[in-house]
Amino acid sequence: MSGGYDINLDDKYGQLTVIDVAAEAAGHEPWFNQTLTTVNDAVVRLGVIEGDFHWHKHEEDDEFFLVIEGELVIELEGSDTVRLRPQQGYTVPRGVSHKTSAPERTVIIMVESAGVVPTGD
């Protein structure tokens with residue numbers, strides 16, 4: 001990962017608001033992470049990524065990834081690597097070490113507990 005990682009944990013849109021994911025993503029370069037909305041005890045986040053993120057895990061929280069554009073590669077400790085293309089999703093269970101990367105600019109939606117630390121425990 002080159003440069004910094006711009007993480008925004010504020011709930012940008014809240015409820016009862018139309019969220020234009022494509023427009024929001026178009027306005028940002030990698031590495032960008034924005035909480036779009038809160039659903040019960042979970043958050044829906046937008047990620048714009050390219051390159052490699054570090055190995056990490058979330059001891060108490062599952063993490064769901066949905067690719068909107070590009071390709072997301074998820075390396076899993078002790079398991080096969082997963083490659084996701086647009087309209088494909090995958091859940092990494094709590095406690096599983098994983099490393100995400102994107103060979104090209106990639107836009108993803110993540111769903112996870114509101115209290116999760118995006119960079120891992």
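**Figure 1. Tyr-5 sits in the segment before β1 (6-8).** The model shown here and in the other views is predicted. Beyond residues up to four places away in sequence, Tyr-5 touches Trp-31, Phe-32, Asn-33, Ile-49 and Phe-53. With Asn-33 there is also a polar contact: the two side chains meet at 3.5 Å. Tyr-5 and Met-110 are 105 residues apart in sequence. In space, their C-alpha atoms are 16 Å apart.

**Figure 2. The model holds 1 cavity of 30 Å³ or more.** Its volume is about 120 Å³. The lining is made up of 13 residues. Those closest to the cavity centre are Tyr-5, Phe-53, Phe-65, Thr-100 and Met-110. Two elements, β4 (63-69) and β8 (98-113), each give two or more residues to the lining. The largest share, 4 residues, comes from β8. By class, the lining has 8 nonpolar, 4 polar and 1 charged residues.

**Figure 3. Strand β3 (residues 42-52) is largely enclosed by the rest of the structure.** The reason lies in burial: 8 of the 11 residues of β3 are buried, so little of the strand is left outside this enclosure. β3 pairs with β8 in the antiparallel sense, over 10 bridges. One of the pairs to look for is Ala-42 in β3 with Ser-113, its bridge partner in β8. β8 also supplies 4 residues to the lining of the largest cavity.

**Figure 4. Strands β2 (residues 32-39) and β3 run antiparallel.** They are joined by 7 bridges. Phe-32 has Val-48 of β3 as its bridge partner. Phe-32 is also among the residues that Tyr-5 touches. The hairpin of β2 and β3 has 2 residues between the strands. Here Asn-40 takes a positive phi, near 55°.

**Figure 5. Glu-24 belongs to helix α1 (residues 21-26).** Is this residue buried or exposed? Glu-24 counts as buried, because its relative accessibility is 7%, and the cut-off for buried is under 20%. Setting aside neighbours within four places in sequence, Glu-24 is in contact with Lys-12, Tyr-13, Phe-32, Gln-34, Leu-36 and Leu-46. Phe-32 thus appears in this view as well as in the contacts of Tyr-5.

Technical notes: Residues numbered from 1 in each chain as written. Predicted model: local features only at pLDDT ≥ 70, side-chain atom pairs only at ≥ 80, totals over all residues. Heavy atoms only, no water. 1 Å grid on protein atoms, 1.4 Å probe; cavity = no way out; pocket = protein on both sides within 12 Å on 5 of 7 lines; lining within 4 Å. Points joined across faces, edges and corners; volume = space filled by probe spheres on them. Nonpolar A, V, L, I, M, F, W, Y, C, P; charged D, E, K, R; others polar. Buried < 20%, exposed > 50% of the residue type's maximum accessible area, 1.4 Å probe, protein only. Pairing = 2+ DSSP bridges. Contact = heavy atoms within 4.5 Å. Polar contact = N/O pair within 3.5 Å; in protein donor to acceptor, adjacent residues only side chain to side chain.
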